[in-house]
Amino acid sequence: MSAVGQKTGILATAAIIAAIASYLLTFTGHPLMGLVSALLSIPLGIFGFIAAISPRTGGGILSTIAIILGAIAIIVAILGIIGVIIF
């Protein structure tokens, strides 16, 4: 009997990368691209969370964090878009 370790799902990793990229894009002056990245991170996080149900795939907590960061990133990107329009 061999023990199979869990590995983090690719969707969970992609979701967290998209959430972080959203903040980077927004704060470097590209809030529209940041909004797109934030909107992409939420479905990736949901699919990553669903994939984490499998005993061979981990990343449920990472997916949850990505969903939360994506939701906050949407608000930040919208505020950034408003700031670009006003100033």
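A residue is called buried when its relative accessible area is under 20%. The exercises below apply this term to a predicted model.

**Exercise 1. Describe the overall form of the chain: which elements does it contain, and what does its radius of gyration indicate?**

*Solution.* Begin with the secondary structure, which comprises three helices and two strands. Read from the N terminus, these elements follow the order β-α-α-β-α. Next, compare the radius of gyration with the globule rule: the chain has 15 Å, well over the 12 Å that the rule gives for 87 residues, so the chain is more spread out than a compact globule. The spans of the C-alpha trace along the principal axes are about 65 × 15 × 15 Å. Finally, consider burial and surface. Of the 87 residues, 33% are buried. The chain exposes about 5,600 Å², of which carbon and sulfur atoms supply 80%.

**Exercise 2. Determine how the spans of helices H2 and H3 relate to the expected values.**

*Solution.* Helix H2 covers residues 31-51, a total of 21 residues. From first to last C-alpha, H2 reaches 30 Å, close to the 30 Å expected at 1.5 Å a residue. Helix H3 has 27 residues, which should span 39 Å at 1.5 Å a residue; the end C-alpha atoms of H3 are 39 Å apart, in agreement with that value.

**Exercise 3. Identify the buried residues of H2 and H3 and state what packs against them.**

*Solution.* Take H2 first. Its buried residues are Pro31, Gly34, Leu35, Ser37, Ala38, Ser41, Leu44, Gly45 and Gly48. Their cover includes helix H1 (10-27) and helix H3 (60-86). In H3, the buried residues are Gly60, Ser63, Ala66, Gly70, Ala73, Ile74 and Ala77. These pack against H1, H2 and strand E2 (57-58). The spacing in such lists may be read with the helical repeat in mind: an α-helix has 3.6 residues a turn, so residues three or four places apart point the same way.

**Exercise 4. Which residues form the largest nonpolar core, and which element supplies its largest share?**

*Solution.* The largest nonpolar core consists of six residues: Tyr23, Leu35, Ala38, Ala73, Ile74 and Ala77. Two elements, H2 and H3, each give two or more residues to this core. The largest share, three residues, comes from H3. Now examine Tyr23 individually: beyond its neighbours within four places in sequence, Tyr23 is in contact with Leu69, Ile72, Ala73 and Val76. For the chain as a whole, among contacts between residues at least 6 apart in sequence, 73% join residues at least 24 apart.

Technical notes
Residues are numbered from 1 along each chain as its sequence is written. This is a predicted model: local features need pLDDT of at least 70, side-chain atom pairs count only at pLDDT 80 or more; totals for chains, interfaces and linings use all residues. Side-chain values use heavy atoms; hydrogens and water are left out. Helices (H or I, at least four residues) and strands (E, at least two) are DSSP runs, numbered from the N terminus. The expected span of a helix is 1.5 Å times one less than its number of residues. Buried means under 20% relative accessible area, exposed over 50%, partly exposed in between (1.4 Å probe, protein chains only). Contact means heavy atoms within 4.5 Å. The radius of gyration is taken over C-alpha atoms; the globule rule is 2.2 Å times the number of residues to the power 0.38. Accessible areas come from the Shrake-Rupley method with a 1.4 Å probe; for residues, only the protein chains shown count as cover. A nonpolar core is a set of buried Ala, Val, Leu, Ile, Met, Phe, Trp, Tyr and Cys residues joined through side-chain atoms within 4.5 Å.
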